[in-house]
Amino acid sequence: MGRGKIEIKRIENSSNRQVTYSKRRNGIMKKAKEITILCDAKVSLIIFGSSGKMHEYCSPSTNLVDILDQYQKTSGKKLWDAKHENLSNEIDRIKKENDNMQIELRHLKGEDITSLPYKELMAIEDALENGLTYVRGKQMDVLDKTWKNTKFLEEDYKQLSFILNQQQMAYESAREQMDHGYQRARDYNSQMSSTFQVQPMQPNLQERM
């Protein structure tokens with residue numbers, strides 16, 4: 001007897017529904033991989049379960065963005081609004097500019113220039129000479145600023161040295177004056193002590209008689 005036909009309707013039992021979802025999800029993922037390999041097809045598959053968890057598959061030879069762009073061009077249905085299209089175009093433009101800058105950088109380093117025509121080689125040479133002139137100019141500016149700063153520091157050092165020397169001289173002069181005054185005070189005290197020295201008492205003449 002053949003297998004009975006299953007009625008397609010929502011499975012009410014949550015456990016049975018989850019088991020069926022897992023089996024059929026794995027089955028459709030397997031079919032997507034098989035058709036990619038067997039038929040050289042470009043397949044992109046996205047599945048969202050009832051819990052919101054996402055499962056996806058995309059053929060190794062492509063990616064989801066390319067498939068969506070191809071779908072948009074083939075079907076005529078716009079998946080992106082004007083804002084997203086402008087953003088995509090801007091990203092493409094920046095990528096191209098970056099690629100061109102990488103090529104120019106390699107050329108300036110002397111890499112991949114064997115196939116360049118004469119005019120492009122001359123343009124690279126001019127760019128290098130201009131860059132070298134600019135760098136040398138910046139070097140001279142740095143050296144000039146360094147020299148000026150050095151002169152300013154030397155002037156400040158001389159001024160501080162002069163002020164310090166003047167303060168040292170003033171300190172030594174004041175100290176000499178203090179020492180001289182102290183010596184004069186000592187001499188004066190010594191003289192006064194000699195003048196007012198107490199004489200020994202003489203015996204009373206009347207008492208002797």
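A salt bridge, as I will use the term, is a side-chain nitrogen of Lys or Arg within 4 Å of a carboxyl oxygen of Asp or Glu, and by that rule the structure in front of you holds five of them. I should say at once that this is a predicted model, in which local features need pLDDT of at least 70 and side-chain atom pairs count only at pLDDT 80 or more, while totals for chains, interfaces and linings use all residues. Residues are numbered from 1 along each chain as its sequence is written, and side-chain values use heavy atoms, with hydrogens and water left out.

Let me begin with the core. The largest nonpolar core consists of six residues, namely Met29, Ala32, Val43, Leu45, Ile47 and Tyr57, and the elements that give two or more residues to this core are helix 1 (14–39) and strand 1 (44–48). By a nonpolar core I mean a set of buried Ala, Val, Leu, Ile, Met, Phe, Trp, Tyr and Cys residues joined through side-chain atoms within 4.5 Å, where buried means under 20% relative accessible area, exposed over 50%, and partly exposed in between, with a 1.4 Å probe and protein chains only. Helices (H or I, at least four residues) and strands (E, at least two) are DSSP runs, numbered from the N terminus.

What does Tyr57 touch, leaving aside its neighbours within four places in sequence? With contact meaning heavy atoms within 4.5 Å, Tyr57 meets Met29, Ala32, Lys33, Thr36, Val43, Ser44 and Leu45. Of these, Thr36 deserves a closer look: it sits in helix 1, and it counts as buried because its relative accessible area is 11%. The side chains of Thr36 and Tyr57 are joined by a polar contact of 3.4 Å; that term covers a pair of N or O atoms within 3.5 Å, where within protein one must be able to donate a hydrogen and the other to accept it, and residues adjacent in sequence count only if both atoms are side-chain atoms. A second such contact, of 3.5 Å, joins the side chains of His55 and Arg25, and His55 belongs to strand 2 (residues 54–58). Beyond four places in sequence, the contacts of His55 include Tyr21, Met29 and Ile47.

Turning to helix 2 (residues 64–75), its 12 residues should span 16 Å at 1.5 Å a residue, and the end C-alpha atoms are 16 Å apart, which agrees; the expected span is 1.5 Å times one less than the number of residues. At the start of helix 2, a side-chain oxygen of Asn63 comes to within 3.2 Å of the backbone nitrogen of Val65, and after the helix comes Gly76, with a positive phi near 80 degrees.

I return, finally, to the salt bridges. Arg10 pairs with Glu12, with the closest N and O atoms 3.2 Å apart; Arg10 counts as exposed because its relative accessibility is 54%, and Glu12 is likewise exposed, at 62%. In helix 3 (residues 82–108), Glu90 and Arg93 lie three residues apart, about one turn of the helix, and their side chains meet in a salt bridge of 2.3 Å, N to O. Glu90, Arg93 and Glu97 are linked in a network of salt bridges. Glu154 and Lys151 form a salt bridge of 3.7 Å, N to O, and because they are three residues apart in helix 4 (residues 118–195), about one helical turn separates them.
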